[in-house]
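Me: Got a minute to walk me through this one? I want to start with the core.
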Amino acid sequence: PLQYKGIIEEHTAVRKDAGLFDVSHMGEISIEGDDSISFLQRIITNDVSRLGPYQIMYSPICYPHGGIVDDVLIYKYSDSKFLMVTNAANTLKDYNWLLKNISGNVKIEDVSKDFALLAIQGPKAERILSRITDYDLSKVRFFRFVDKVNIDGIEAMVSRTGYTGEDGFEIYLSPECAPLLWEKLLHAGKDMNLMAAGLGARDTLRLEAALPLYGNEISEDITPLEGGLQRFVRLTKGDFIGRDSLMERQDNKVQRKLIGCEILDRGIIRQGYKVFKDDKEIGYITSGGHSPSLNKSIGMAIIDAKYACVDQDVYILARKRMLRARIVGLPFYKKT
């Protein structure tokens, strides 16, 4: 659902207490075999050799020209067993891309049908989830996971990850058990104001945390260097798909950059609105909206790199009105 009780109420619950999301639409692809590491090294821009067992890595996957196929999470069980979590709409595309570029002793399988995915997010997430499991969740560090956790009689894989800018966990389990666990979690967190949260709040939360959304901040036409993902591109690790193009773009300096902006006039900005400086069009809004936490209109934009300076004023054409905005550092919101 887009919302249950309301986007702002759900958003606020995640920031102050906790929210529960059903994100079972995400895709899962298993990668197994003796050559899994060398295969993934060629597929993703990040360096999978740095991962230990039961660690998680975020990474773009690039086309040869440097544009992005998808941004994914890589879960490592062992040197020969990995799980790739994909954006929902990209799962089939990603799967076909992996098959097209397969090499060595590797088996790839779309296992999305085997997983439901619930995400409990917010400062009280650990306390609530701990009520219905005997596993010590404090031992699960950020971007780590544990398998076969017993959650009130339901077996699940639990990772300390999320898409909200808050602490929390994502719970991978069999689809037939998901409705029951959903109800168990809501009951366990009722006195801590745990609230069911929809995809509307998920979007406002990730925007405040400046987390990219495929099709907005990153796409086939936007490289990781332009989309603010430089730290996930390991150009020195060896060859990977897109490396030559990204090396060339880096050497010639990136022509476009992702920036954050706060609207100084009254008005809300949306994806696709044009950005201007001195009457010259310099880019466009990738994501925009009202920030419930900051009570401001905010947005991210891809603009000409020479104008991407914090504290500079720009103008955004919102339908027929020019709104004054100021470039600010990202993220807009950081958890305390």
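Me: Which residues touch the most other members of the largest nonpolar core?
Reply: Keep in mind that this is a predicted model. That core has 32 residues, and F21, Y75, L83, V85, M157 and L246 touch the most other members.

Me: Which element gives the largest share of this core?
Reply: Strand β4 does, with 4 residues. Elements that each supply at least two residues include β3, β5, β7 and α6.

Me: Back to F21. What does F21 touch, leaving out residues up to four places away in sequence?
Reply: Among them are V14, L117, L118, T164, W182, R202 and L205.

Me: W182 is in α5, right? Which residues of α5 are buried?
Reply: Yes, α5 covers residues 178-188, and A178, L181, W182, L185 and A188 are buried. Down the axis of α5, these buried residues fall within an arc of 135°, so they line one face of the helix.

Me: Which exposed residues sit on the face turned away from the buried side of α5?
Reply: P179 and H187.

Me: New topic. How many strands are in the closed barrel?
Reply: The barrel has 6, in the order β12-β15-β14-β13-β16-β17, with antiparallel pairing. The twist averages 40° from one strand to the next.

Me: Which strands does α6 touch as it packs on the sheet?
Reply: Helix α6 touches β14 and β15, and its direction makes about 125° with that of β14.

Me: And β16 with β17: over how many bridges do they pair?
Reply: Over 6, in the antiparallel sense. Y315 stands opposite R324 in β17.

Terms used
Residues numbered from 1 in each chain as written. Predicted model: local features only at pLDDT ≥ 70, side-chain atom pairs only at ≥ 80, totals over all residues. Heavy atoms only, no water. Buried < 20%, exposed > 50% of the residue type's maximum accessible area, 1.4 Å probe, protein only. Arc of directions from axis to C-beta. Pairing = 2+ DSSP bridges. Axes fitted to C-alpha atoms, helices over the stretch in contact; angles between N-to-C directions. Contact = heavy atoms within 4.5 Å. Core = buried A, V, L, I, M, F, W, Y, C linked by side-chain atoms within 4.5 Å.
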